[in-house]
Amino acid sequence: QVQLVESGGGLVQAGGSLRLSCSASGIFFSMTTMGWYRQAPGKERELVADITNGGSPNYADFVKGRFTISRENRKNTVTLQMDRLKPDDTAVYYCNMKYGRAYWGQGTQVTVSS
């Protein structure tokens, strides 16, 4: 059974940083594409960043230069380092795994105050 567990959300002032982590179990992690999505109130869920099993990252335009995604296959974890946060980054952030189908974590709240 695949499980994705996120951690690291919270409240931060604009311009600050947060680091999200996602720990995966129940699957060959090194063979998956991992990603982070977010959903703000009243909006659709959107891709923030993802990273292939080979380590190639892909970022949404609105986070380029501010967020960094990385993975550590030995530890079955994917991390999203978020710097220079803006109030518009406030959302629930979800860990996502693609391996034949999509798997989702439970989400972690990120709130950026102005």
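Over the ring of which residue does the charged end of Arg 101 sit? The charged end of Arg 101 sits over the ring of Tyr 103, 4.1 Å from the ring centre. The term requires NZ of Lys or CZ of Arg within 6 Å of the ring centre and within 35 degrees of the ring normal.

Colleagues, a word on the basis of this talk. The model is predicted, so local features need pLDDT of at least 70 and side-chain atom pairs count only at pLDDT 80 or more, while totals for chains, interfaces and linings use all residues. Residues are numbered from 1 along each chain as its sequence is written, and side-chain values use heavy atoms, with hydrogens and water left out.

I begin with the overall fold. The protein chain contains zero helices and 11 strands; these are DSSP runs numbered from the N terminus, with at least four residues for a helix (H or I) and at least two for a strand (E). Its C-alpha trace spans about 40 × 25 × 20 Å along the principal axes. A compact globule of 114 residues would have a radius of gyration near 13 Å, and the 13 Å of this chain agrees. That radius is taken over C-alpha atoms, and the globule rule is 2.2 Å times the number of residues to the power 0.38. Of the 114 residues, 42% are buried, where buried means under 20% relative accessible area, exposed over 50%, and partly exposed in between, with a 1.4 Å probe and protein chains only.

I turn next to the aromatic residues. The structure holds two aromatic pairs. Rings of Phe, Tyr and Trp (its six-membered ring) pair if their centres lie within 6.5 Å; planes under 30 degrees apart count as stacked, over 60 as edge-to-face and the rest as tilted. The rings of Tyr 37 and Trp 104 have centres 5.0 Å apart and planes at 70°, so this pair is edge-to-face. Because Tyr 37 belongs to strand 4 and Trp 104 to strand 10 (residues 102–104), the pair ties together parts that are 67 residues apart in sequence. Tyr 37 is buried at 15% relative accessibility, whereas Trp 104 is partly exposed at 37%. Tyr 94 and Trp 104 are also edge-to-face, because their ring centres are 6.4 Å apart and their planes stand at 90°. Tyr 37, Tyr 94 and Trp 104 thus make up one aromatic cluster. In addition, the charged end of Arg 45 sits over the ring of Trp 104, 4.6 Å from its centre.

The charged residues come next. How many salt bridges does a search of the whole structure find? The search finds five, each a side-chain nitrogen of Lys or Arg within 4 Å of a carboxyl oxygen of Asp or Glu. Asp 89 has one with Arg 38, with the closest N and O atoms 2.9 Å apart, and another with Arg 66, at 2.7 Å. Arg 66 and Asp 89 are both buried, and Arg 38 counts as buried at 6% relative accessibility. A network of salt bridges links Arg 38, Glu 46, Arg 66 and Asp 89. Asp 61 and Lys 64 form a salt bridge at 3.2 Å between the closest N and O atoms; Asp 61 is exposed at 63%, and Lys 64 is exposed at 51%.

I close with the loop between strand 4 and strand 5 (46–51), where Pro 41 lies. Pro 41 is exposed, with a relative accessible area of 75%.
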